[in-house]
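Here is a short report on one protein chain. Look over the sequence and the model before reading on.

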Amino acid sequence: MNTNAAPESLPTTLHVRALMDPVVEAHGFGPASVYVEYCWLGVLGPTATFLYRRLGAVAGAAGDVVAAVDLVDVGVSLGVGEGMGRNSILARAIGRLVRFGVAEWRGDVLAV
C-alpha cells in the first residue's frame, strides 16, 4: 500500500496526527521553529508553510491521538478558499508537504 497516495478530493474534515521520526525528533526542527521560515519557506511555498505550521500545531497538541481539522475553515483562514478538489490550492499544498517529507498519508490520516 502506498502510504503517500493522496485522495481524489479532500474531505471536509481531515484527520491529522503527529509524524514521529526518531532522527528528526533528535536533530530536526518542528513546524513552529524559525528554521521553517528560513529554510523551508522557499521550498514549500507560503501556503504549504502556513498549512504545515497550522497542522503541525494541531497534531502536536493532540499527541498520540488523531485530531480532526475542518479543512474548509483552514482553507478560508489561509486565504485559499473553500475548494476541496484534487487540484485545489489546499490539495496542492498538502501534496507539497507530502512530496517534501514533512507529512505523509497513513490511510486516511495525514501524519504531520
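The sections below go from the overall fold to the core and then to one leucine.

## Fold and dimensions

This is a predicted model. The protein chain holds five helices and four strands. Along the sequence, their order is β-α-α-α-β-α-α-β-β. The radius of gyration is 13 Å, close to the 13 Å that the globule rule gives for 112 residues, so the chain is as compact as a globular protein of that length.

Along the principal axes, the C-alpha atoms fill a box of roughly 35 × 30 × 25 Å. Take the contacts with a separation of 6 or more: 68% of them join residues 24 or more positions apart.

## Surface and charge

Of the 112 residues in the protein chain, 35% are buried. The chain exposes about 6300 Å². Carbon and sulfur atoms supply 56% of that area.

The chain carries 8 positive and 10 negative charges. The mean positions of the two sets are 7 Å apart.

## The largest nonpolar core

In soluble globular proteins, nonpolar side chains tend to be buried together. Here, the largest nonpolar core has 27 residues. Which of them touch the most other members? They are L14, V16, L51, L55, L90, L97 and L110.

Several elements each supply at least two residues of this core. The strands among them are β1 (13-17) and β2 (67-70). The helices are α2 (34-44), α3 (46-62), α4 (71-78) and α5 (89-99). Helix α5 gives the most, with six residues.

L55 shows how such a core member is placed. Not counting residues up to four places away in sequence, L55 touches L14, V16, V69, L110 and V112. L14, V16 and L110 are also listed with L55 among the core residues that touch the most other members.

## L78 in helix α4

L78 lies in helix α4. Is L78 buried or partly exposed? Its relative accessibility is 21%, and buried means under 20%. L78 therefore counts as partly exposed.

What does L78 contact, leaving aside its neighbours within four places in sequence? Its partners are T47, F50, L51, R54 and L90. Two of these partners, L51 and L90, are among the core residues that touch the most other members.

G45 gives a distance for reference. L78 and G45 are 33 residues apart along the chain. Their C-alpha atoms are separated by 13 Å.

Technical notes: Residues numbered from 1 in each chain as written. Predicted model: local features only at pLDDT ≥ 70, side-chain atom pairs only at ≥ 80, totals over all residues. Heavy atoms only, no water. Rg over C-alpha atoms; globule rule 2.2 N^0.38 Å. Buried < 20%, exposed > 50% of the residue type's maximum accessible area, 1.4 Å probe, protein only. Contact = heavy atoms within 4.5 Å. Areas by Shrake-Rupley, 256 points an atom, 1.4 Å probe, with all protein chains shown as cover. Lys, Arg positive; Asp, Glu negative; His and termini not counted. Charge placed at Lys NZ, Arg CZ, Asp CG, Glu CD. Core = buried A, V, L, I, M, F, W, Y, C linked by side-chain atoms within 4.5 Å.
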